[in-house]
Amino acid sequence: MKKILFITILALILFSCERKDPVELGDLLIVTEYDGTPEENVEVTLYNSYDNFVNYVFVERQLSDEYGEEYFPELLPGWYYFEAEKAKSSLFAVYAMDSILIMGRQQSNKILIME
């Protein structure tokens, strides 16, 4: 009797556990350009939802490298919003914003033209 009860409880435990598939992450590469050339030291801010974008709750902030590139690895799938800004002088700044869909196991690329 104890053996049957033990086997029944063990079977319930084994079959009640859900198997969760691992979430496949994606990558994002943003290239910032101004006047047709890559722009260095642009501050790019990444948001993981439109609500967070509106409320300035960002995921990560980076400065572009000498090739105008920012790389955001291992992002959860979904829509991401980003904005980029750089002061060109004390009276002049360039800005751009956009969004992109990140899908698992893929790298998404975006060229962001600053105006």
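This section describes the confidence, fold elements, sheet arrangement and surface of a predicted model.

The mean pLDDT of the protein chain is 90, and 89% of the residues reach a score of at least 70. Confidence varies along the chain when its elements are considered individually: the lowest mean pLDDT, 68, belongs to helix H1 (residues 2-16), whereas strand S3 has the highest, 98.

The secondary structure of the protein chain comprises 2 helices and 8 strands. Along the sequence, these elements succeed one another in the pattern α-β-β-β-α-β-β-β-β-β. Of the 115 residues in the protein chain, 30% are buried.

An open sheet is formed by 4 strands, arranged in the order S4-S3-S6-S7 with antiparallel pairing. Its edges are occupied by strand S4 (60-63) and strand S7 (93-102), each of which pairs on one side only. On average, neighbouring strands of this sheet are turned by 20° against each other, direction ignored. Within the sheet, strand S3 (residues 43-47) is joined to S4 through 4 bridges in the antiparallel sense. Valine 44 is positioned opposite glutamine 62, a residue of S4. Strand S3, which pairs with this edge strand, is also the element with the highest mean pLDDT in the protein chain.

At the surface, Val23, Leu25 and Leu76 make a nonpolar patch of about 270 Å². One of these residues, leucine 76, lies in the loop that runs between strand S5 (69-75) and strand S6 (78-87). Strand S6, which follows this loop, is a member of the open sheet, where the order places S6 between S3 and S7.

Definitions and conventions: Residues numbered from 1 in each chain as written. Predicted model: local features only at pLDDT ≥ 70, side-chain atom pairs only at ≥ 80, totals over all residues. Heavy atoms only, no water. Pairing = 2+ DSSP bridges. Axes fitted to C-alpha atoms, helices over the stretch in contact; angles between N-to-C directions. Patch = residues over 30% accessible without salt bridge, like charges linked within 9 Å, V, L, I, M, F, W, Y side chains within 5 Å. Areas by Shrake-Rupley, 256 points an atom, 1.4 Å probe, with all protein chains shown as cover. Salt bridge = Lys/Arg side-chain N within 4 Å of Asp/Glu carboxyl O. pLDDT = per-residue confidence, 0-100. Buried < 20%, exposed > 50% of the residue type's maximum accessible area, 1.4 Å probe, protein only.
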